[in-house]
Amino acid sequence: MVLDDLGSSLRGTLDKLRGKSRISEEDVDEVVKEIQRSLLQADVDTSLVMELSDDISSRALDEEPPGGTTARDHVLRIVYEELVDLVGESTELPLEEQTILLAGLQGSGKTTTAAKMAWWFSKKGLRPAVIQTDTFRPGAYDQAKQMADSAEVSFYGDPDESDPVAIARDGLEATSDAEVHIVDTAGRHALEDDLIDEIEDIEDAVDPDRRLLVLDAAIGQGAKEQAQRFDDAIGIDGVVITKLDGTAKGGGALTAVNETESTIAFLGSGETVKDIERFEPSGFISRLLGMGDLKQLTERVERAMEETDEEEEDWDPEDMLQGEFTLKDMRHQMKALDRMGPLGQVMDMIPGMGGNIMDQLPDDAMDVTQERMRTFETIMDSMTEGELENPRSIGQSRTERIARGSGTSEDDIRELLQQYRTMSQALKQFQGMGDSDMQRMMKQMEG
Ligand code: GDP
């Protein structure tokens, strides 16, 4: 997703600061260069990148890290704060009567977004209507109607009327029983003056409460000019970034948000009306920095635990936290994690874990690939209850027997036992953490 690379490369660079309590100019330079490289690669506007990196370097050098903070945490906090500051809170959209005008280039995803937003408002319990004023693009009416139908929301358009302003006015009247009006406008291939004139006229007639600019995530450096022109014409209150399911990094959105001094309202990630989510700054930046999104994690954990619990009702996470970690616990964890995705990625989503405990573990401690997991599961299926409960009892002769029984090699067994020991040690660290994130998370899993 957006700026995916930034997290991993930035964390790599920040890792070099681990253990240092003071930060040198050179250290800061290196971190800042890494941030610049990643942001430029993600298509963030060059001057914005320079501005951001200047702010980060001067703060990192000028500000005294609070007592007990490592150099790494100090820089990370500054980077986080500057990025959060840049994207800001999500665009305010009160759940009450309002009219929203959508602007953007042709193909940016306006028509799709109009229906998606209407669907989103309807799920919030409001009655939305989509008004399609695009008289320019053949097929716009049919497409908009079809999407509004699939979102099961009211729709107004008039394929026989050529004046978009008249359609907007008639549409507001015809759908006056709706609470949220979403007015879609025509886009053109480039920013032509008549498009700007037209949208100004529609804006006058509609008098919207919100003016949102719809941007394709792939827009890149072009975002700046577009955002400026639309902002000058109608004033932009918020940005919707579409097509985040594609390969584009979405850096243009940061530029647009900065240029229009606006915020991000929604993210679009697919072609159906349900592929929309409300923008959420902390999650967005956490993901950006590879530091994770607890909300998303908790949901995934809960889902995986629900499924696993159906299979293994006698497994109690409390035992694992308090007592001895056994191979049974490990098998249970693996099954749950298998459903959530790669273990490292999951750990990254826990605030404080990605940049904290995980760093203290050897690189491969959590690197259990799907294939290795399968082999480990096969091996554990061949073990006795006693061996699962007390893996330390597995000596050479049992290793040979288990390898034969499971059709794997003795090295596989040793690897499994090594993995077990590593996880067991990691867990001991968690156990020693008191009322830590991990324990709280485990409690949530239980509940
Ligand atoms: P408009 O010209 O701005 O109204 O753009 P449309 O809504 O017609 O979208 C242009 C194309 O992009 C259509 O084929 C949409 O299905 C597609 N599209 C819009 N939003 C998304 C999205 O979030 N993800 C993907 N994959 N496709 C999208």
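Two residues are taken to be in contact if their C-beta atoms, placed from the backbone, lie within 7 Å. With that in mind, this report describes a predicted model, beginning with its sheet and ending with the surroundings of the ligand.

**The sheet**

Eight strands make up an open sheet with mixed pairing, and their order across the sheet is 3-2-4-1-5-6-7-8. Its edges are strand 3 (154-156) and strand 8 (276-278), each of which pairs on one side only. Neighbouring strands of this sheet are turned against each other by 25° on average, with direction ignored. Strand 1 (residues 98-103) is joined to strand 5 (residues 210-216) by four bridges in the parallel sense, and Ala103 has Leu213 in strand 5 as its bridge partner.

**Helices on the sheet**

Helix 6 lies across strand 2, strand 3 and strand 4 (180-184), while helix 8 packs on the sheet and touches strand 1, strand 4 and strand 5. The table gives the direction of each helix relative to one of these strands.

| Helix | Strand | Angle between directions |
|---|---|---|
| Helix 6 (residues 140-151) | Strand 2 (128-132) | about 170° |
| Helix 8 (residues 193-206) | Strand 1 | about 175° |

**Around the ligand**

The ligand is surrounded by 18 residues, of which Gly109, Lys110, Thr111, Thr112 and Gly268 come nearest. Helix 5 (residues 110-123) gives the most to this shell, contributing three residues. In character, the shell around the ligand divides into 13 polar and five charged residues, with no nonpolar residue in it.

Definitions and conventions: Residues are numbered from 1 along each chain as its sequence is written. This is a predicted model: local features need pLDDT of at least 70, side-chain atom pairs count only at pLDDT 80 or more; totals for chains, interfaces and linings use all residues. A residue is near a molecule or strand if its C-beta atom, placed from the backbone, lies within 6 Å of it. Helices (H or I, at least four residues) and strands (E, at least two) are DSSP runs, numbered from the N terminus. Ala, Val, Leu, Ile, Met, Phe, Trp, Tyr, Cys and Pro count as nonpolar, Asp, Glu, Lys and Arg as charged, and the others, Gly among them, as polar. Two strands pair if DSSP finds at least two bridges between them. Axes are lines fitted to C-alpha atoms, for helices over the stretch in contact, and angles run from 0 to 180 degrees between N-to-C directions.
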